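Hi,

Here is the structure I promised to pass on. Have a look at it first, and then read my notes underneath.

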Amino acid sequence: MSISEAQVENIKFENFIETKENEDLFDKTKRLDKILKSDILTGYEALGMLSLNKLSSIVKIKEKDGFCHDVIMLGSNSYLNVANHPRVINTAKKALEKYGLGMGAVSNYAGICELHKILERKIANFYNCEDCILFPSGYGANVGIISALCSKNDIIINDSANHASIMDGCRLSGAQIKIYPHNNMRYLEKILDNIPDSTTGRLIITDGVFSMDGDIAKLDKITDLAQKYRCKVMVDDAHGIGVVGKRGRGSASYYDVLDKIDLNVAMLSKAPGGIGGFCAAKREIVQYLRIYSRTYFFSTALNASTTAGLIEVFNLFEKDMAGRKELLKKTKYLKDKLDKAGFNTGNPQSAIIPVMIYDEEKLFQLYQELRYEGVYVNIVTYPATRRKECRLRLCVMKDLAYCELDRAADIIIKKGIEYGIIKNEP
Ligand SMILES: Cc1ncc(COP(=O)(O)O)c(C=O)c1O
């Protein structure tokens with residue numbers, strides 16, 4: 001199972017975006033199909049796997065060739081595995097019985113029940129905000145919120161590592177877009193200083209926990225700068241909610257600046273273990289979003305069973321009973337082991353550990369070998385990061401036993417030595 005440089009060149013994401021000269025619209029899909037059939041990438045849908053049982057620290061998976069085996073799970077964003085908490089499951093089951101599978105309409109028509117209102121209130125209280133709006137998808141939340149609130153007379157200032165859904169929302173809004181290098185506050189201030197006085201609609205958007213690096217945005221500085229330059233602030237805390245900050249209230253709570261964030265956005269699909277996204281904010285902002293967010297207005301509401309399960313999840317979060325501290329302890333344990341072996345694992349402050357590989361050819365190969373050896377990780381390269389900063393991305397789960405973390409580390413270290421990413425120190 002060896003992947004050559006030429007093969008890596010062939011599977012580059014950008015090779016399949018544009019229709020080439022003399023191609024019809026669908027020829028690029030055939031080019032991609034040929035590559036995916038060639039077994040360069042052995043996973044389902046190129047990289048993925050098929051789970052054969054529910055999420056836990058060990059998951060039985062099925063490979064594309066039919067081979068079934070167990071892997072240590074370091075590739076799930078359900079960090080706390082509350083999706084399988086007995087109270088969450090029981091509550092979701094009852095709602096499924098009562099309300100059925102789906103809501104059958106968008107929220108502004110017949111698509112919501114009392115559970116949606118309870119969850120909105122719970123989340124608003126969790127963030128000390130007046131109100132909250134629920135979106136059926138996290139991606140859609142970002143796209144809908146940004147494109148509703150911003151338009152051509154406004155300026156949006158983004159961290160370069162912000163999630164794709166934020167960037168897509170910015171593009172759709174028609175606002176002027178500025179980007180500062182990841183977490184570079186000097187550069188951010190330079191941009192802010194150059195905004196003409198006439199541009200008064202100003203929004204800084206940042207991920208709370210950055211999904212590819214696991215570090216936290218410098219929200220203390222960002223909120224100071226926002227105040228100085230009269231900007232509003234939106235934080236997408238998809239990977240921070242439930243994990244960082246007091247009682248898991250996220251990145252802004254970590255810096256004690258929750259009251260300075262105008263738009264508290266997070267996803268219900270990562271640590272909360274469900275699906276969807278939300279924005280907690282002032283009452284009139286939420287009201288505006290209910291009418292002008294097209295991904296809310298024109299998309300069917302979250303189903304009742306997920307909504308009910310999520311109410312239980314926030315009950316656990318409120319009491320800090322979802323296992324956040326144990327998760328962070330285990331993340332540090334695994335990171336320390338990998339650091340000691342010589343890997344560069346950056347400076348994560350969450351449950352995400354980037355393991356820098358710096359070589360795409362090795363990255364693809366390593367990913368597949370790790371999976372076959374029993375460790376499931378994600379890989380990250382262009383367009384999510386720059387190619388030369390490609391990496392394995394480990395997502396630690398609270399349910400992983402220390403012996404499983406040891407085994408995963410041993411396998412990653414063995415492969416790291418084999419591929420010359422780290423040295424074999426006696
Ligand atoms: C930072 C960030 N924002 C938004 C999203 C989109 O969320 P969802 O997967 O719930 O649509 C993700 C998902 O990967 C994310 O990492």
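To start with a small puzzle: is Ala164 buried, partly exposed or exposed, going by its C-beta neighbours inside 10 Å? Keep in mind that this is a predicted model. The residue sits in helix α6, which covers residues 164-173. Ala164 has 13 C-beta neighbours inside that distance, so it counts as partly exposed; a residue needs 20 or more to be called buried, and 12 or fewer to be called exposed. There is also a link across the chain here: Ala164 and Tyr139 are 25 residues apart in sequence, with 8.4 Å between their C-alpha atoms.

Tyr139 brings us to the ligand. The shell around the ligand holds 14 residues, and the ones that come nearest are Gly138, Tyr139, His163, Ala238 and Ser269. Helix α5, residues 138-149, gives the largest share of that shell, with 3 residues. Sorted by class, the shell has 9 polar, 3 nonpolar and 2 charged residues.

Next, have a look at strand β9, residues 263-267. All 5 of its 5 residues are buried, so the strand is largely enclosed by the rest of the structure. In general, side chains in a regular strand alternate between the two faces of the sheet. Here Leu263, Val265 and Met267 point one way, while Asn264 and Ala266 point the other way. The strand has partners too. With β8 (residues 232-236) it pairs in the parallel sense over 3 bridges, and Met234 has Leu263 as its bridge partner. With β10 (residues 277-281) it runs antiparallel, joined by 4 bridges, and there Ala266 is partnered with Phe278.

Then there is helix α10, residues 283-292. Its buried residues include Ile285, Val286 and Leu289. These cover an arc of only 95° around the axis, which puts them on the same side of α10. Arg283, Glu284 and Ile291, on the other side, are exposed. What covers the buried residues? The cover includes β4 (131-135), α5, β10 and α11 (294-297), so two of the elements you have already met, α5 and β10, turn up again here.The last stop is helix α13, residues 324-341. Its 18 residues should span 26 Å at 1.5 Å a residue, and its end C-alpha atoms are 26 Å apart, which agrees. Which residues of α13 are buried? They are Arg324, Leu327, Lys330, Thr331, Leu334, Lys335, Leu338 and Ala341. They cover an arc of only 130° around the axis, which puts them on the same side of α13. As a general point, an α-helix has 3.6 residues a turn, so residues three or four places apart point the same way. On the other side of α13, Lys325, Asp336 and Lys340 are exposed. The cover over the buried residues includes β11 (352-356), β13 (391-395) and α15 (402-418).

Leu328 also lies in α13. With 18 other C-beta atoms within 10 Å, Leu328 is partly exposed. Its C-alpha atom is 8.5 Å from that of Gln349, which is 21 residues away in sequence. Right after the helix comes Gly342, with a positive phi near 110°.

Happy browsing!

Methods. Residues numbered from 1 in each chain as written. Predicted model: local features only at pLDDT ≥ 70, side-chain atom pairs only at ≥ 80, totals over all residues. Near = placed C-beta within 6 Å. Nonpolar A, V, L, I, M, F, W, Y, C, P; charged D, E, K, R; others polar. Pairing = 2+ DSSP bridges. Arc of directions from axis to C-beta. Contact = placed C-beta atoms within 7 Å. Expected span 1.5 Å × (residues − 1).
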